[in-house]
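Me: I have just opened this one and would like a friendly walk through it. Could we take it a question at a time?

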Amino acid sequence: MKGNLTIDQGNTSVKVAFYIGTQVVATNRFMRRDVRLLDRFISTYKPETAIVCSTASGTASQRIEQLAEQRCRRVVRLTHETPMPIRLGYRTPQTLGRDRIATAVGAWMTAQRLDNVCDVLVIDAGTAITFDLIKSDGCFVGGNIAPGLALRFKSLHEHTGMLPLVEAEGETPVVGYDTETAIRSGVMLGLIGEVKSYIADLKLSHPNLMVFITGGDGKLLHNRLNDPDIIYYEHLAAEGLNRIYLYNQANENK
């Protein structure tokens, strides 16, 4: 079956998706070192083309790109110079994370289908949590980068003498009643307050704001935020990558 493969290499894992046109058929997630799972995914769906987005480096990442090149007729590597449906107003586009570009395109294209006069905020909750603003005319303005949930828990454990490593799942009382809940509540409620404050501040200057949240911790944060106006979209980066590939394909055929 003809289709397009998206490969998103992050700091901790690789996310892949197989699309036919604009429809996602299958997705998977695995660690970078386990290239066999990508090989199996490609063997199952036999994509003709692929687009790769990478924020990682090293031998494992190179093997993933090489496998895509061997098994697909054409492979596009996303950079800030790749033609795309949005334009980058970022002052240093060469330093802009490829994953941020992909999620921005995915969010903006989705917002266009829902309400084409709104500005878009996309929150990507991964190893780092990023906040990126795309205006209604498709201009990527910029955003913020902060430590993600896992980094916050890990830093408290590694940079203190006695504090344990705590998981995000569990009770989060407003006032922690032991060390574990004190850490979890401090991290979780602190991040939730950070996200709410950022959205509220941005809405003062962008009242018609559509907010998306994605990433490995996106669902957890979305549930904790409990805001029906925030849209959770698990595969936003894959959606953006596929849309960028289709955009290039359409322009080549003109």
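Me: Which residues form a nonpolar patch on the surface?
Reply: Keep in mind that this is a predicted model. The patch has about 320 Å² of accessible area, taken over its members together. Those members are Val174, Val175 and Leu189.

Me: Is Val175 buried or exposed?
Reply: Val175 sits in the loop that links α4 (149–158) to α5 (179–205). Its relative accessibility is 67%, and the cut-off for the upper class is over 50%. Val175 therefore counts as exposed.

Me: What radius of gyration does the chain have?
Reply: Picture the C-alpha atoms filling a box of roughly 60 × 45 × 30 Å along the principal axes. For 254 residues, a compact globule would come out near 18 Å. The chain agrees with that, at 19 Å.

Me: In what order do the 6 strands of the open sheet lie?
Reply: The chain has 7 helices and 11 strands in its secondary structure. In this open sheet the pairing is mixed. At the edges, β6 (87–88) and β11 (230–232) each pair on one side only. The order is β6-β9-β8-β7-β10-β11.

Me: Which residue in β8 is the bridge partner of Leu121?
Reply: Strands of a sheet pair through backbone hydrogen bonds, either parallel or antiparallel. Here β7 (residues 119–125) and β8 (residues 128–134) run antiparallel, joined by 6 bridges. Leu121 has as its partner in β8 Leu133.

Me: What share of the 254 residues in the chain is buried?
Reply: Buried means under 20% relative accessible area. On the outside, the chain exposes about 12700 Å², with carbon and sulfur atoms supplying 50% of it. The buried share of the residues is 45%.

Definitions and conventions:
Residues are numbered from 1 along each chain as its sequence is written. This is a predicted model: local features need pLDDT of at least 70, side-chain atom pairs count only at pLDDT 80 or more; totals for chains, interfaces and linings use all residues. Side-chain values use heavy atoms; hydrogens and water are left out. Patches are made of residues with over 30% relative accessible area and no salt bridge: like charges are joined within 9 Å, nonpolar side chains (Val, Leu, Ile, Met, Phe, Trp, Tyr) within 5 Å. Accessible areas come from the Shrake-Rupley method with a 1.4 Å probe; for residues, only the protein chains shown count as cover. A salt bridge is a side-chain nitrogen of Lys or Arg within 4 Å of a carboxyl oxygen of Asp or Glu. Helices (H or I, at least four residues) and strands (E, at least two) are DSSP runs, numbered from the N terminus. Buried means under 20% relative accessible area, exposed over 50%, partly exposed in between (1.4 Å probe, protein chains only). The radius of gyration is taken over C-alpha atoms; the globule rule is 2.2 Å times the number of residues to the power 0.38. Two strands pair if DSSP finds at least two bridges between them.
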